Amino acid sequence: MWPFSSSKTENTTAIYTREDRTKCWEARDQYFACLDSIGVLKPGDELKTAGGGACSKESKAYEQNCAKSWIEYFNQRRVIAEAQKDRLAQANTQAANATR
């Protein structure tokens, strides 16, 4: 063991099979659908909402079925995609107002 390594062990198994990827995507979709149903954009923020345990089952399945690097990517992508939707809507509104 390296002197600077973490004592915390992580699941470093790569997801290679189509079945594993499909399980990950399904778990992600269920978790994100749960977040949408309670009005939470950023994954992890559901812990700060009323009850605090909302989406815990979906979150656990998401973390068990997806690689940590994938989870980080999907979570960041969710927030970025929503920001892009807002900017696009704002640009469309400005364009419509400019043509009047």
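The paragraphs below lead through a predicted model of a protein chain, from its overall fold to individual residues.

The protein chain contains 3 helices and 0 strands, and its elements follow the order α-α-α along the sequence. Of its 100 residues, 20% are buried. The chain exposes about 7800 Å², of which carbon and sulfur atoms supply 53%. Among contacts in the protein chain with a separation of 6 or more, 61% are between residues 24 or more positions apart.

Helix α1 is a suitable starting point. This helix has 20 residues and spans 28 Å from its first C-alpha to its last, close to the 28 Å expected at 1.5 Å a residue. Its buried residues are C24, A27, R28, Y31, F32, C34 and L35. They lie on the same side of α1, because they cover an arc of only 155° around the axis. As a general matter, an α-helix has 3.6 residues a turn, so residues three or four places apart point the same way. The buried residues of α1 pack against α2 (56-65) and α3. The face turned away from this buried side carries the exposed residues R18, E19, D36 and S37. After α1 comes G39, with a positive phi near 75°.

The interior may be considered next. The largest nonpolar core consists of 12 residues: C24, A27, Y31, F32, C34, L35, V40, C55, Y62, C66, I71 and F74. The elements that give two or more residues to this core are α1 (18-37) and α3. With 6 residues, α1 gives the most. A general tendency is relevant here: in soluble globular proteins, nonpolar side chains tend to be buried together.

Two members of this core can be followed through their contacts. L35 is located in helix α1. L35 counts as buried because its relative accessibility is 0%, where the cut-off is under 20%. Not counting residues up to four places away in sequence, L35 touches V40, P43, E46, C55 and R78. L35 is also 23 residues from E58 in sequence, and the two are 9.4 Å apart in space, C-alpha to C-alpha. C55, for its part, is in contact with Y31, C34, L35, I38 and E46, when neighbours within four places in sequence are left aside.

R78, one of the residues touched by L35, leads to helix α3, in which R78 is found. What is the relative accessible area of R78? The value is 12%, and R78 is therefore buried. A polar atom of the R78 side chain lies 2.8 Å from the backbone oxygen of V40. Beyond its neighbours within four places in sequence, R78 is in contact with F32, L35, D36, V40, L41 and P43. Among these contacts of R78, F32, L35 and V40 belong to the nonpolar core described above, whereas D36 is one of the exposed residues of α1.

Further along the sequence, Q84 also lies in helix α3, which comprises residues 68-98. Is Q84 buried, partly exposed or exposed? Its relative accessible area is 39%, so Q84 is partly exposed. The side chain of Q84 makes a polar contact with the side chain of R77, at 3.3 Å.

Terms used:
Residues are numbered from 1 along each chain as its sequence is written. This is a predicted model: local features need pLDDT of at least 70, side-chain atom pairs count only at pLDDT 80 or more; totals for chains, interfaces and linings use all residues. Side-chain values use heavy atoms; hydrogens and water are left out. Helices (H or I, at least four residues) and strands (E, at least two) are DSSP runs, numbered from the N terminus. Buried means under 20% relative accessible area, exposed over 50%, partly exposed in between (1.4 Å probe, protein chains only). Contact means heavy atoms within 4.5 Å. Accessible areas come from the Shrake-Rupley method with a 1.4 Å probe; for residues, only the protein chains shown count as cover. A polar contact is a pair of N or O atoms within 3.5 Å; within protein, one must be able to donate a hydrogen and the other to accept it, and residues adjacent in sequence count only if both atoms are side-chain atoms. A nonpolar core is a set of buried Ala, Val, Leu, Ile, Met, Phe, Trp, Tyr and Cys residues joined through side-chain atoms within 4.5 Å. The expected span of a helix is 1.5 Å times one less than its number of residues. The arc is that of the directions from the helix axis to the C-beta atoms.
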